[in-house]
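Me: I would like to go through this structure step by step, with the reasoning spelled out for each point. Could we begin with a term that will be needed, and then move on to particular residues?

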Amino acid sequence: GPFASLMLADMGAEVLKVEPPHGDGMQALGPRDAEGRPIFYGALNASKSVLRLDLKTDSGRAALLDHIDRTDVLIEGFRPGVMQRLGLDYDTLKNRRPELIYCSISGYGPTGPLANAAAHDGNYLATCGTMDRNGAGMPAFFDPPVADMSGALFAAIAILGALHGRHNSGRGVSIDIGLADALMPLQLMQIAEWAANGTVPQGAVILSQWRRCLLSGLCNG
């Protein structure tokens, strides 16, 4: 959500970031600049305006609804079901603003056995097999957070597509992004091979193929 909205802001969108009354917990994460400001929080929220609301109160929800009446896109990153409990889910808001493009980003999507599981990037990499395949003899964690950033990219692409579609139809749409799901298109070749002949990709095999590719001069770089 933060990176997807940052990209939209960089493309000229006016972004209003809604935080809880005490502010975004990310302000306590990571290093500070020379003036004591949180660097990570500042980098992800550049060019955005911030509004602090308590969405568990009637006044907080009313304030958000007032903004939604003038909003093209809503991005939310709660666990599945939270926005429905707040009365701010897509089915409710589309009746108020049919033009609204509503993008939900969660770990494993809105349905399935892991829908409400708490997880981080390493969990998504492990669940989708990416961590195992990139380990040299054992699964390896790596940085940057591939699922988080890929999910943000797919969210931004889907939002841009929805805006284009709305230009033709006049209506909004609901978008669901699972961060774990965002890893699957990045493994298109491996998934195609598995579907064709049941081959499970192995890290050692991939590293060996990569070395042969480099030695043969077939790969760029």
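Reply: Two strands are said to pair if DSSP finds at least two bridges between them. Please keep in mind that this is a predicted model.

Me: Which residue in β4 is the bridge partner of L74?
Reply: Strand β3, which covers residues 73-76, pairs with β4 in the parallel sense, and four bridges join them. Within this pairing, the residue of β4 that partners L74 is Y102.

Me: Which residue in β5 is the bridge partner of S104?
Reply: Strand β5, made of residues 173-178, runs parallel to β4, and six bridges join these two strands. Looking along β5 for the residue that bridges to S104, one arrives at D176.

Me: How many residues of β4 are buried?
Reply: On one side of β4 point I101, C103 and I105, while Y102, S104 and S106 point the other way, and all of these are buried. The strand is therefore mostly covered, since buried means under 20% relative accessible area, and the count of buried residues in β4 is six of six.

Me: What is the angle between the planes of Y90 and Y102?
Reply: The structure holds two aromatic pairs. One of them is formed by Y90 and Y102, with a distance of 5.8 Å centre to centre, and it is edge-to-face, with the angle between the planes being 65°.

Me: How many residues apart in sequence are the parts that the pair of Y90 and Y102 ties together?
Reply: Both Y90 and Y102 are buried. Because Y90 lies in helix α5 whereas Y102 lies in strand β4, the pair ties together parts whose separation in sequence is 12 residues.

Me: What is the distance, centre to centre, between Y108 and Y124?
Reply: Y108 lies in the loop between β4 and α6, and Y124 lies in helix α6, so that this pair links distant parts of the chain, 16 residues apart. Their aromatic pair is edge-to-face, with 75° between the planes, and the distance centre to centre is 5.2 Å.

Me: Is Y124 buried or exposed?
Reply: The relative accessible area of Y124 is 5%. Because buried means under 20% relative accessible area, Y124 counts as buried.

Me: Which residue offers the backbone oxygen that the side chain of R97 reaches?
Reply: R97 is found in the loop between α5 and β4, and at 15% relative accessibility it counts as buried. Leaving aside residues up to four places away in sequence, R97 touches I68, D69, R70, T71 and D72. The backbone oxygen that its side chain reaches, at 3.3 Å, belongs to D69.

Terms used: Residues numbered from 1 in each chain as written. Predicted model: local features only at pLDDT ≥ 70, side-chain atom pairs only at ≥ 80, totals over all residues. Heavy atoms only, no water. Buried < 20%, exposed > 50% of the residue type's maximum accessible area, 1.4 Å probe, protein only. Polar contact = N/O pair within 3.5 Å; in protein donor to acceptor, adjacent residues only side chain to side chain. Contact = heavy atoms within 4.5 Å. Phe/Tyr/Trp six-rings, centres within 6.5 Å; stacked < 30°, edge-to-face > 60°.
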